[in-house]
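Biologist: Please show the model, and let us then discuss how its interior is organised.

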Amino acid sequence: MISEKLQKGQLLIAEPSIIGDLSFNRSVILLADHNQDGSVGFILNKPLKYTIKDLLPEIEAKFKIYNGGPVEQDNLYFIHNVPELIPNSIEISNGIFWGGNFELTKDLINQGLIKKKNIRFFLGYTGWDSEQLESEMQSNSWILSKNIYKKDILGKSSAHFWKEKILELGGDYLIWSNAPENPILN
């Protein structure tokens with residue numbers, strides 16, 4: 001856990017108290033942008049039942065699609081660690097980039113030059129208006145954490161990522177690591 005100010009490239013870990021919110025319960029979000037106008041992030045640990053080929057049959061790959069957040073869920077977004085292959089990418093930090101030339105990206109995937117460990121696709125994103133995320137931080141909705149994985153975060157297991165981060169926090173958070181996602185089921 002860190003107490004420094006919000007900045008792109010950091011991780012937001014949902015507090016265990018976020019219960020019943022389908023989008024954010026047990027979420028780990030990569031903060032892709034943060035400025036005076038607001039913030040944008042992508043949920044890293046909520047895979048959907050779709051692959052990229054399901055959505056775009058011209059792509060010959062079965063990379064998972066993730067729920068990036070509740071905003072614009074009819075749009076496809078991607079982050080990657082190969083800016084030398086994908087022009088017009090925006091650097092997030094730590095060797096992670098957002099977007100870029102999508103037509104070329106599709107071709108590079110089909111040629112086998114971009115692998116699953118290099119890219120992650122999302123339907124939708126998570127967004128906050130100006131000062132909204134700061135307000136949520138003050139109300140203890142999120143735990144701010146450094147991205148210690150840097151560009152390798154794309155290879156992190158999505159299924160247990162929230163639990164791993166909660167275990168790293170230790171202390172009072174340990175009890176939450178094995179709690180059921182829905183406490184009513186306990």
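**Packing in the predicted model**

Modeller: Setting aside neighbours within four places in sequence, Ile79 is in contact (heavy atoms within 4.5 Å) with Leu30, Phe42, Leu44, Ile92, Ile96, Phe97, Trp98, Asn118, Ile119, Arg120, Phe122 and Leu154. This is a predicted model, in which local features need pLDDT of at least 70 and side-chain atom pairs count only at pLDDT 80 or more, while totals for chains, interfaces and linings use all residues. Residues are numbered from 1 along each chain as its sequence is written, and side-chain values use heavy atoms, without hydrogens and water.

Biologist: Which strand gives the most to the largest nonpolar core?

Modeller: A nonpolar core is a set of buried (under 20% relative accessible area, 1.4 Å probe, protein chains only) Ala, Val, Leu, Ile, Met, Phe, Trp, Tyr and Cys residues joined through side-chain atoms within 4.5 Å. The largest has 35 residues, of which Leu12, Ile79 and Trp142 touch the most other members. With five residues, the top contributor is strand β2 (residues 28-35; strands are DSSP E runs of at least two).

Biologist: Why do the buried residues of helix α2 lie on the same side?

Modeller: Helices here are DSSP H or I runs of at least four residues. In α2 (residues 102-110), the buried residues are Thr105, Lys106, Leu108 and Ile109. They lie on the same side of α2 because the directions from the helix axis to their C-beta atoms cover an arc of only 165°.

Biologist: Against which strands do the buried residues of α2 pack?

Modeller: The N-terminal end of α2 is capped by Asn101, with a side-chain oxygen 3.2 Å from the backbone nitrogen of Glu103. The buried residues of α2 pack against β6 (71-80) and β9 (119-129).

How values were computed:
Buried means under 20% relative accessible area, exposed over 50%, partly exposed in between (1.4 Å probe, protein chains only). A polar contact is a pair of N or O atoms within 3.5 Å; within protein, one must be able to donate a hydrogen and the other to accept it, and residues adjacent in sequence count only if both atoms are side-chain atoms.
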